[in-house]
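Work through the following exercises with the sequence and the model open beside you. Each task is followed by a solution that goes step by step.

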Amino acid sequence: MPGTAGLLIVDLDAIAANWRLLAQRAASARCAAVVKADGYGLGAIEVSRRLRAEGCDWFFTAHLEEAIALKPAVPDATVVALNGLLAGNESATIEHEILPTLNDLGQIALWQSKARQLNRRLPAIIHIDTGMNRLGLQSDAVDRLANEPGLLDGIDIVLWMSHFACADLKDHKLTAEQQTRFAQALKRLPKAPASLANSSGIFLGPQAHYDLVRPGAALYGINPTPWVENPLQPVVTLTGKIVQIHKVDTNGTVGYGAEWRAQRPSRIATVAVGYADGYLRSAQNRTFVALDGTRLPVIGRISMDLITIDVTDAPSDRNGSAIAPGSEVELLGSSISADELGEQAGTIGYEILTQLGKRYHRRYQGAVA
Ligand SMILES: *Cc1c(COP(=O)(O)O)cnc(C)c1O
């Protein structure tokens with residue numbers, strides 16, 4: 001595919017296998033799929049249609065606009081907007097059959113007055129903050145709901161929801177505290193199904209599962225339990241093309257700032273991927289690409305559209321030819337995971353996936369026809 005930065009292969013079969021593994025771990029709890037930020041950068045519509053065919057019937061997005069864009073792809077599934085019900089969005093939420101998340105008493109009141117106006121009950125998720133301090137009802141608001149259940153008249157509570165802050169950190173104290181606070185809040189509130197676990201939360205065991213689990217990252221192959229081997233399959237393969245090879249003499253420098261200096265006569269390959277494609281500039285001097293499983297260091301500064309690789313020690317490729325313009329190198333895949341690239345770039349695999357740029361040619365394996 002000429003004119004593209006590289007090839008991004010998204011393995012929907014692997015996403016489906018990951019969803020089945022998570023659903024099995026969640027036992028009797030329903031297993032949803034979080035597909036916000038365009039399915040963690042991999043394509044919310046493609047991912048959701050495939051998972052719908054696997055039996056997944058709940059999809060979580062962040063913004064109402066994301067939910068509205070997704071709904072026609074999975075018309076018979078529940079599509080949630082997590083970020084809350086903003087004033088003025090009530091009619092669009094109803095018209096597109098999106099399930100809103102109510103994050104404070106004001107949003108509950110908005111939804112209630114809409115229900116009164118339409119003279120019908122309206123469904124919602126209510127988010128209880130148990131320690132993240134980001135979204136959801138704080139403890140004073142939970143107290144009010146417990147004492148004045150009339151505040152919920154006209155609203156069908158589909159789920160009481162909360163969200164872990166630290167479930168990906170082994171045995172973090174806040175995780176246990178959040179579980180206790182959620183259980184205590186549920187005891188005081190009207191009975192309805194509940195949901196607490198994200199990807200990592202699923203691995204805390206049955207007491208964190210409640211009625212529905214909400215994995216995102218793990219579907220896309222990110223390790224939800226970084227202290228043990230990743231139980232999920234890798235999903236993304238990203239390759240870039242070498243567009244030129246340079247011979248650099250000892251003491252010659254490469255790239256902006258002339259920060260990399262050859263210690264020996266070197267061969268430097270230039271690959272047509274840069275920070276504009278989400279190959280983060282902060283990864284300078286710490287990352288690798290792979291050629292048939294051999295790692296080659298990315299050297300010098302990362303440019304907008306290009307990176308440079310030291311191929312002095314590169315073996316010939318699997319056809320016995322020396323590395324040359326046109327050779328493909330792996331940026332993400334079986335040799336380099338998104339988690340690893342994230343760590344090298346001083347971030348997390350989530351950011352690597354969601355920053356994958358628009359210039360890659362995308363290919364989906366296992367797409368629903
Ligand atoms: C993003 C998000 C999730 C998914 O989290 P992962 O760590 O990607 O599994 C679940 N619930 C809420 C409320 C979220 O915002």
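**Exercise 1. Determine whether D38 is buried, partly exposed or exposed, and describe its backbone.**

Step 1. D38 counts as partly exposed because its relative accessibility is 43%, where buried means under 20% relative accessible area, exposed means over 50% and partly exposed lies in between, computed with a 1.4 Å probe and the protein chains only. The model is a predicted one, in which local features need pLDDT of at least 70 and side-chain atom pairs count only at pLDDT 80 or more, whereas totals for chains, interfaces and linings use all residues. Residues are numbered from 1 along each chain as its sequence is written, and side-chain values use heavy atoms, with hydrogens and water left out.

Step 2. D38 belongs to helix α2, residues 36-40; helices (H or I, at least four residues) and strands (E, at least two) are DSSP runs numbered from the N terminus.

Step 3. Although D38 is not a glycine, its phi is positive, at about 55°.

**Exercise 2. Place E97 in the chain and state its phi and its exposure.**

Step 1. E97 sits in the loop between α5 (90-95) and β6 (99-102).

Step 2. Its phi is positive, about 55°, although E97 is not a glycine.

Step 3. E97 is classed as exposed because its relative accessible area is 58%.

**Exercise 3. Identify the residues closest to the ligand and the polar side-chain atoms that approach it.**

Step 1. The ligand is surrounded by 14 residues, of which the closest are K36, Y40, S199, A217 and Y350; a residue is near a molecule if one of its heavy atoms lies within 4 Å of it.

Step 2. For polar contacts, look for pairs of N or O atoms within 3.5 Å; within protein, one atom must be able to donate a hydrogen and the other to accept it, and residues adjacent in sequence count only if both atoms are side-chain atoms.

Step 3. An N or O atom in the side chain of K36 is 2.6 Å from an oxygen atom of the ligand, and one in the side chain of Y350 is 2.7 Å from a ligand oxygen atom. A nitrogen atom of the ligand, in turn, lies 2.9 Å from a polar side-chain atom of R214.

Step 4. On its own the ligand has 390 Å² of accessible area, and the protein covers 93% of it; such areas come from the Shrake-Rupley method with a 1.4 Å probe, and for residues only the protein chains shown count as cover.

**Exercise 4. Describe the surroundings of R281, Q284 and Q344.**

Step 1. R281 lies in the loop between β14 (266-271) and β15 (288-291), and Q284 is also found in the loop between β14 and β15.

Step 2. R281 is partly exposed because its relative accessible area is 43%, while Q284 counts as buried because its relative accessibility is 17%.

Step 3. Not counting residues up to four places away in sequence, R281 touches Y275, R301 and I302, a contact being heavy atoms within 4.5 Å. R281 and I302 are 21 residues apart in sequence, yet their C-alpha atoms are 5.3 Å apart in space.

Step 4. With the same exclusion of residues up to four places away, Q284 touches E259, G300, R301 and I302. The side chains of Q284 and E259 are joined by a polar contact of 2.5 Å, and the C-alpha atoms of Q284 and G300, 16 residues apart along the chain, are separated by 6.7 Å.

Step 5. Q344, in helix α10 (residues 338-344), is buried because its relative accessible area is 13%. Its contacts, leaving aside neighbours within four places in sequence, are with S282, A283, R286, T287 and F288.

**Exercise 5. Characterise H127 by element, burial and side-chain contact.**

Step 1. H127 is part of strand β7, residues 122-127, and is buried because its relative accessible area is 5%.

Step 2. Its side chain makes a polar contact of 3.4 Å with the side chain of N103.

Step 3. Beyond four places in sequence, the residues that H127 touches include T101, L102, L135, M161 and H163.

**Exercise 6. Summarise the protein as a whole.**

Step 1. The protein has 11 helices and 19 strands, and its C-alpha atoms fill a box of roughly 80 × 45 × 40 Å along the principal axes.

Step 2. Of its 369 residues, 51% are buried.
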